[in-house]
Amino acid sequence: MHYLSTRGNPDRKRFCEILLEGLAPDGGLYLPESYPQVDDATLTRWRNVYHEQGYAELAFEILSLYVDDIPAADLRALCAKTYTAEVFGTGEIVPLRHLEDGVWIEALSNGPTLAFKDMAMQLLGNLFEYELGRRGEELNILGATSGDTGSAAEYAMRGKKGVRVFMTSPHGRMSPFQQAQMFSLQDANIHNIAINGVFDDCQDIVKAVSNDLDFKRKYKIGTVNSINWARLLAQVVYYFAGYIQATESNTQKVSFAVPSGNFGNVCAGHVARQMGLPIAKLVVATNENDVLDEFFRTGVYRVRGTADTHETSSPSMDISKASNFERFVFDLLGRDGARTKSLFGEGLAKTGQFDLSADPVFAQAASLYGFVSGKSVHADRLRTIRETFEQHGMVIDTHTADGLKVALEQRTEGVPMVVLETALPIKFAGTIVEALGREPERPAKFEGIEALPKRVKVMDADVDAIKALVAAECGY
Ligand SMILES: *Cc1c(COP(=O)(O)O)cnc(C)c1O
């Protein structure tokens with residue numbers, strides 16, 4: 001299997017070459033040259049694999065189609081080490097919970113940080129350690145977080161050989177639970193840096209350090225953001241596992257509703273559908289930051305400025321642009337790299353938007369690729385959380401509530417609708433109290449974490465001071 005860039009660069013790469021990379025050199029995103037096709041017999045075999053051997057073995061089957069530069073025995077061992085009941089709370093790893101007639105919630109948030117990002121990040125941690133070990137290299141991951149991504153990255157990389165994590169976050173701005181989750185880690189390779197400033201200051205530091213190419217090369221600076229192909233690939237697996245649990249035969253179709261921000265999660269659904277998984281609709285649910293809903297309704301993709309990007313009660317979906325969206329548009333345009341490049345490169349840089357409404361391919365987003373969309377705002381979120389609790393006794397998180405709200409608008413008679421749960425409610429307790437007048441349940445392992453000793457450095461938004469810290473930790 002070879003990988004290409006969405007912007008037409010003729011180079012082709014293997015999986016392990018792009019594993020530790022971010023963007024392709026031409027600024028595009030990596031995609032496989034073609035999507036392996038899963039026929040009826042294979043899907044039936046995978047049904048048995050999931051039921052009889054479990055999620056890790058299913059993950060191995062799917063990853064094998066995309067990864068041919070890791071020996072099979074090693075890849076199988078990496079999957080087995082990642083997807084365990086111990087790490088993900090249940091043997092099914094991603095159990096379906098029945099909500100009401102034809103509507104299911106797929107539980108993706110029982111990993112170490114209680115958000116679906118663990119599903120991919122835990123595998124990434126093991127893949128990084130494996131590949132760095134093989135090469136005899138080190139990697140210093142520098143990131144900026146306002147919550148979910150940073151903690152998922154730290155819990156995936158803690159104690160991993162060859163990897164250090166330097167995670168900046170805005171001092172005092174994360175929830176006490178999120179701070180406790182990250183800052184209580186005592187692992188020597190995890191460095192929490194609380195910056196006197198806001199999230200944008202943290203992002204600016206990461207950009208400034210990454211733009212210093214000499215420093216970047218000398219200290220092997222890398223990232224783990226959601227454009228990483230390996231993360232996306234890991235997410236494809238739970239669409240298959242969700243489908244298998246919701247159906248008894250391959251003649252049935254299933255729709256998925258996905259709380260969306262950077263389009264990573266639902267893009268994995270797109271890949272699964274392109275592989276032949278019988279998915280009816282892919283329902284993109286956004287919050288007030290409705291860049292994606294606007295596109296699927298109108299054909300106009302319009303990046304938002306800072307002033308237009310809202311802080312909401314489903315904060316992990318507060319985006320101004322959707323970093324993985326280019327992957328889908330590349331497919332939508334019939335894999336025309338030159339056109340993708342002109343839309344996302346010069347086009348977006350100049351005007352901050354592009355318009356496909358007059359192009360016949362726009363209608364295919366729905367007709368050929370199954371995409372539909374909808375939006376959920378704070379009042380919808382509170383009402384959905386309240387109704388779900390009153391009618392079904394289930395407390396759902398704010399992001400999952402956005403997904404469910406839009407799912408109920410888009411359901412079709414006779415087609416199971418699977419809503420992807422992207423976090424547990426305890427992470428966003430304030431809004432749950434606002435909706436229900438009570439605190440959400442806290443998993444036992446998180447009892448009292450706010451009182452644990454914290455390992456964090458408070459620093460000013462000073463790029464040179466951050467560089468000095470990285471250099472001192474590396475000792476070269
Ligand atoms: C990251 C995240 C999302 C958005 O996922 P994308 O892949 O960026 O679309 C939704 N909900 C939660 C809780 C998240 O952490």
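This is a conversation about how a few labels in a predicted model follow from its computed values.

Colleague: Let's start with the cysteines. How many disulfides do you count?

Modeller: The count comes to 0 disulfides.

Colleague: What makes you leave Cys16 without a bond?

Modeller: The closest cysteine sulfur to that of Cys16 belongs to Cys79, and it is 12 Å away. A disulfide needs the two sulfurs within 2.5 Å, so 12 Å is too far for a bond. Cys202 is in no disulfide either, since its nearest cysteine sulfur, in Cys474, is 20 Å away and the cut-off is 2.5 Å.

Colleague: And are Cys16 and Cys202 buried or exposed?

Modeller: Buried means under 20% relative accessible area. Cys16 has 4%, so it counts as buried, and Cys202 has 0%, so it is buried too.

Colleague: On to the backbone. What is notable about phi in Ile93?

Modeller: Phi of Ile93 is near 65°, a positive value, and the residue is not a glycine. Most residues other than glycine have a negative phi. Ile93 is found in the loop between α5 (85–88) and β3 (96–100), and at 3% relative accessible area it is buried. Leu114 also has a positive phi, about 65°, without being a glycine. Its place is the loop between β4 (103–107) and α6 (117–135), and its 2% relative accessibility makes it buried.

Colleague: Now the rings. Why is the pair Tyr219 and Tyr476 called stacked?

Modeller: By the ring rule there are 29 aromatic pairs. Tyr219 and Tyr476 have ring centres 5.5 Å apart and planes at 15°. A pair needs centres within 6.5 Å, and planes under 30 degrees apart count as stacked, so this pair is stacked.

Colleague: Which parts of the chain does that pair link?

Modeller: Distant ones: Tyr219 is in the loop between α10 (213–218) and β8 (221–222), Tyr476 is in the segment after α20 (463–474), and 257 residues separate them. Tyr219 is buried at 7% relative accessibility, whereas Tyr476, at 40%, is partly exposed, because that label covers values between 20% and 50%.

Colleague: What makes Tyr238 and Tyr239 a stacked pair?

Modeller: Their ring centres are 5.5 Å apart and their planes are at 25°. With the limit at 30 degrees, the pair is stacked. Tyr238 and Tyr239 are both buried.

Colleague: Which residues make up the aromatic cluster?

Modeller: Phe263, Phe295, Phe296, Tyr301, Phe325, Phe328, Phe344, Phe354, Phe362, Tyr369 and Phe371 form one aromatic cluster.

Colleague: How do you know that helix α14 is largely enclosed?

Modeller: Helix α14 (residues 325–332) has 8 of its 8 residues buried, so the rest of the structure largely encloses it. Among them are Phe325 and Phe328, which also belong to the aromatic cluster. Gly334 follows α14, with a positive phi near 65°.

Colleague: Which residues does Leu31 touch, leaving aside its neighbours within four places in sequence?

Modeller: Its contacts are His2, Tyr3, Leu4, Thr6, Trp229, Arg327, Phe330, Asp331 and Arg335. Arg327, Phe330 and Asp331 are buried residues of α14. Leu31 itself is found in strand β2 (residues 30–32), and with 0% relative accessibility it counts as buried.

Colleague: What makes Ala180 count as buried?

Modeller: Its relative accessibility is 1%, and the cut-off is under 20%, so Ala180 counts as buried. Ala180 is found in helix α8 (residues 176–183) and touches Ile449 and Glu450, not counting residues up to four places away in sequence. Ala180 and Arg455 are 275 residues apart in sequence, yet 9.6 Å apart in space, C-alpha to C-alpha.

Colleague: Last one, the ligand. How many residues surround it, and which are the closest?

Modeller: The ligand has 15 residues around it, and the closest are Lys117, Asp148, Gly261, Asn262 and Asn265.

Colleague: How do you know that the backbone of Gly261 makes a polar contact with the ligand?

Modeller: A backbone N or O atom of Gly261 lies 2.8 Å from a ligand oxygen, and the limit is 3.5 Å. For Asn262 the backbone distance to a ligand oxygen is 2.7 Å. A polar backbone atom of Phe263 is 3.0 Å from an oxygen atom of the ligand, and Phe263 is also one of the residues of the aromatic cluster.

Methods
Residues are numbered from 1 along each chain as its sequence is written. This is a predicted model: local features need pLDDT of at least 70, side-chain atom pairs count only at pLDDT 80 or more; totals for chains, interfaces and linings use all residues. Side-chain values use heavy atoms; hydrogens and water are left out. Buried means under 20% relative accessible area, exposed over 50%, partly exposed in between (1.4 Å probe, protein chains only). Helices (H or I, at least four residues) and strands (E, at least two) are DSSP runs, numbered from the N terminus. Rings of Phe, Tyr and Trp (its six-membered ring) pair if their centres lie within 6.5 Å; planes under 30 degrees apart count as stacked, over 60 as edge-to-face and the rest as tilted. Contact means heavy atoms within 4.5 Å. A residue is near a molecule or strand if one of its heavy atoms lies within 4 Å of it. A polar contact is a pair of N or O atoms within 3.5 Å; within protein, one must be able to donate a hydrogen and the other to accept it, and residues adjacent in sequence count only if both atoms are side-chain atoms.
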